[in-house]
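Me: Got a minute to go through this one with me? I'd like to start with how the chains meet.

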Amino acid sequence: MHRHLSRREFLATTGALASAWIGSDPGAFARALEARREQEPRFRVLAPEQAADLEAIAAQIIPTDEFPGAREARAIVFIDRALEGFAKDQLPTILDGLEDLSRRIRALGAPAGRRFAQLPDAQQVALLREIEETPFFQQVRFATIVGTFGHPSLGGNHEGSGWRALGFEPRFVWQPPFGEYDAAVERGR
Amino acid sequence: MRRFRQGETVDFVVVGSGAAGGVMAKELATAGFTVLVLEQGPRLEAHEFQHDEFTQFILGALNNRQELQPQMYVPGVGAEPVRQMAAIYHRLVGGGSVMFTANYWRFRASDFRERSLLGPIEGTGLEDWPITYEELEPYYTKAEWELGVSGEPGPFDPPRSRPYPCPPLPVKSSGVLFERGARALGLHPQVGPMAILSRPFNGRSACMHCGYCAGFGCEFGAKSSTLATVIPVAEATGRCEVRAESYVRKIEVSDRGRVTGVVYFDAERREHFQPARAVVVCANGAETPRLLLLSKSSRFPDGLANSSGLVGKYLMWNGNASTGAVFERALNDWKSVMVTRIVLDFYESDPARGFYGGGGIDARFWGYPVLFALGGLGGFPEGTPAWGLEYKRMLRDLYSRTCNADVHTTSLPVESNRIELDPDLEDAWGLPCMRVTYRDHPDDVATMRFLVEKAVAIMEAAGAERTWAPAQFEQSVGFHLLGTCRMGNDPQRSVVDRYHRAHDVPNLFLCDGSSFVTSGRGQPTCTIQALAYRAADHIARFARRGEI
């Protein structure tokens with residue numbers, strides 16, 4: 001499937017491109033590009049900049065470390081779908097919350113139009129601390145958790161990456177021993 | 001499978017296809033009668049069950065729920081009603097037997113005669129059952145062998161005429177630790193009997209240890225739901241049809257006071273009258289009384305079979321409380337069945353404690369990923385952030401090292417705990433919704449607290465790094481729906497007789513959790529199914545003798 005990348009998509013791809021080159025694998029570029037395309041979902045409810053802000057919040061709630069976070073899990077895809085479906089009623093709270101964040105960013109003296117997703121980490125965290133008791137933040141936290149650890153069929157937890165981060169293996173078929181304590185008993189027999 | 005013509009008279013209409021209804025259908029159909037089962041929920045087959053925790057467990061897609069059947073909840077007499085789901089059940093073919101955790105404890109002989117053993121308790125309707133353990137024992141055995149139960153008798157178990165059909169499921173780390181802690185305290189841990197197959201049985205597959213039992217249907221058919229066991233047998237007789245998405249709104253009676261059939265809504269919400277020679281209601285302890293209350297007529301102005309005024313009263317939820325513990329190494333308790341070991345040392349009510357009640361404790365793990373991440377099941381260490389890197393690292397650190405010890409306890413039968421029709425609220429079909437009044441009796445709360453202390457002590461004796469327990473015990477939601485059409489010999493003080501026949505209506509039978517007189521110790525399904533086998537046996541005999 002061929003399509004032209006927009007400038008924004010192109011810029012977004014460059015990060016992945018750079019890391020792909022470091023891997024010095026000739027196939028990696030194509031794969032990274034394809035992965036990036038998959039990561040640009042067509043949102044159903046959210047405008048791209050709203051999605052980018054919410055994704056940035058989600059990525060602060062469940063950050064990426066040596067294990068995948070909300071971003072790799074594509075929690076934002078779940079959030080967008082939820083706001084179209086069962087969480088439709090929460091859309092005003094979410095949009096108001098994003099507006100409120102924009103006001104707070106302006107109050108910090110940031111250049112006009114600067115969005116949450118564009119702020120440095122420390123500023124993002126400081127802003128979220130200010131609002132962590134609000135219904136907006138609580139709803140985004142809830143949706144981020146479901147979008148990261150919920151079933152992949154819901155749109156998030158991409159390829160089980162959230163489960164991997166938790167230490168849950170989605171094999172769904174197991175044989176004993178299951179854990180270290182029952183294994184020790186088994187060995188003692 | 002038989003398909004009855006619309007309006008074709010059947011011997012029996014069975015309302016509900018769950019733990020009791022499925023058994024009833026199979027027994028009556030194999031006894032040679034025509035049986036139409038009307039189930040309000042959809043039919044899903046094993047391969048359609050998924051591990052979508054959010055949709056199924058958190059949103060409750062297969063439960064009764066707000067959008068379809070809202071409820072008003074009254075948290076105790078005189079309290080302001082709130083619009084809230086309080087009596088939860090599963091609405092699908094197989095009902096709660098598809099979705100339950102699959103703990104499968106028999107009652108003990110004492111459960112049937114606590115009033116005689118303990119004396120009356122003021123302000124409660126504590127009564128003996130009209131039947132004994134000895135009378136029910138053959139049917140417990142039949143249930144275990146027809147449905148498939150894995151277990152091993154424990155030191156306090158009541159006498160049994162046959163061993164369990166399947167050996168115990170493999171012990172999990174939570175079970176190993178729980179057993180170790182319990183033994184250190186001089187207790188008698190035992191294998192938790194589970195209605196899940198440890199080996200292939202009756203053509204069904206053994207458990208694959210996927211870890212998704214409680215609140216999920218089993219895609220391997222290893223959980224011994226009525227959907228996986230008796231319902232296919234009933235259908236194979238050619239005399240039974242299970243009609244899904246058929247929501248019964250009224251039981252009709254003749255001028256002579258006999259049931260003539262039921263009125264139900266089909267999937268398109270068209271109304272039908274279904275004639276039957278007799279009706280057996282197995283709709284659960286909330287919907288069975290509601291259906292009777294909905295079935296008012298000039299002859300039965302207070303609701304069908306309600307001359308005692310007790311329909312809907314004496315609702316019992318059982319007490320349930322969850323403690324937790326973190327251990328040094330990985331338990332990985334998110335694998336396999338919920339429960340492998342239990343402690344029943346505190347089963348009996350002991351007057352020396354100063355309150356009525358008893359229960360059991362099991363080791364398990366409520367470790368579905370979303371549920372865990374949302375709140376650590378109440379067990380995140382004090383002061384840990386609810387988001388950010390530290391939060392994420394904590395989740396990973398704790399997830400595989402955590403387990404729970406749940407307590408399952410008695411509820412006293414209190415008349416004011418009840419199911420009624422709400423005067424205002426209507427469901428999606430325009431029928432009056434349920435109003436649920438419930439408040440735990442102070443002895444029920446004391447029992448939960450007592451058992452929780454024992455549960456925590458066991459986990460500490462097992463070497464837990466950290467344990468936690470709930471701060472408050474009063475419940476505002478119930479999943480065990482018991483006692484609302486209690487059985488008894490006295491028509492003034494019970495709704496059905498010892499054979500589950502309504503005292504007031506000769507061809508109406510009620511058999512499910514509503515028949516319970518006392519609550520047992522928090523694992524009612526085994527007894528619901530034994531009662532259904534026994535009731536069906538007697539109903540078939542009555543029918544053959546022309547006594548219905």
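Me: How many residues of chain B are in contact with chain A?
Reply: Keep in mind that this is a predicted model. In it, 43 residues of chain B are in contact with 43 residues of chain A.

Me: And what area do they bury between them?
Reply: About 3,900 Å², with 67% of it on carbon and sulfur atoms. On the chain B side, Trp387(B), Lys392(B) and Arg396(B) lose the most area to chain A, together 21% of what that side buries.

Me: What does Lys392(B) form a salt bridge with?
Reply: Asp65(A), and the closest N and O atoms are 2.6 Å apart. The rule finds 3 salt bridges across this interface, along with 20 residue pairs in polar contact.

Me: Which helices of chain B supply at least two residues each to that side?
Reply: α2 (53-58), α6 (173-184), α9 (369-375) and α10 (389-399). The largest share comes from α10(B), with 7 residues. By class, that side of chain B has 25 nonpolar, 9 polar and 9 charged residues.

Me: OK, changing topic to strands. What's the order in the open sheet of 4 strands in chain B?
Reply: β4-β3-β15-β14, with mixed pairing. The edge strands are β4 (82-83) and β14 (418-426), each pairing on one side only.

Me: How many bridges join β14(B) to β15(B)?
Reply: 5, and the two strands run antiparallel. In that stretch, Glu420(B) stands opposite Arg435(B).

Me: Which helix lies across those two strands?
Reply: That's α8 (residues 287-294) of chain B, running at about 60° to β14(B).

How values were computed:
Residues are numbered from 1 along each chain as its sequence is written. Chains are lettered from A and ligands numbered from 1 in the order in which they are written. This is a predicted model: local features need pLDDT of at least 70, side-chain atom pairs count only at pLDDT 80 or more; totals for chains, interfaces and linings use all residues. Side-chain values use heavy atoms; hydrogens and water are left out. Contact means heavy atoms within 4.5 Å. Buried area is the accessible area (1.4 Å probe) that two parts lose on being put together, summed over both. A salt bridge is a side-chain nitrogen of Lys or Arg within 4 Å of a carboxyl oxygen of Asp or Glu. A polar contact is a pair of N or O atoms within 3.5 Å; within protein, one must be able to donate a hydrogen and the other to accept it, and residues adjacent in sequence count only if both atoms are side-chain atoms. Ala, Val, Leu, Ile, Met, Phe, Trp, Tyr, Cys and Pro count as nonpolar, Asp, Glu, Lys and Arg as charged, and the others, Gly among them, as polar. Two strands pair if DSSP finds at least two bridges between them. Axes are lines fitted to C-alpha atoms, for helices over the stretch in contact, and angles run from 0 to 180 degrees between N-to-C directions.
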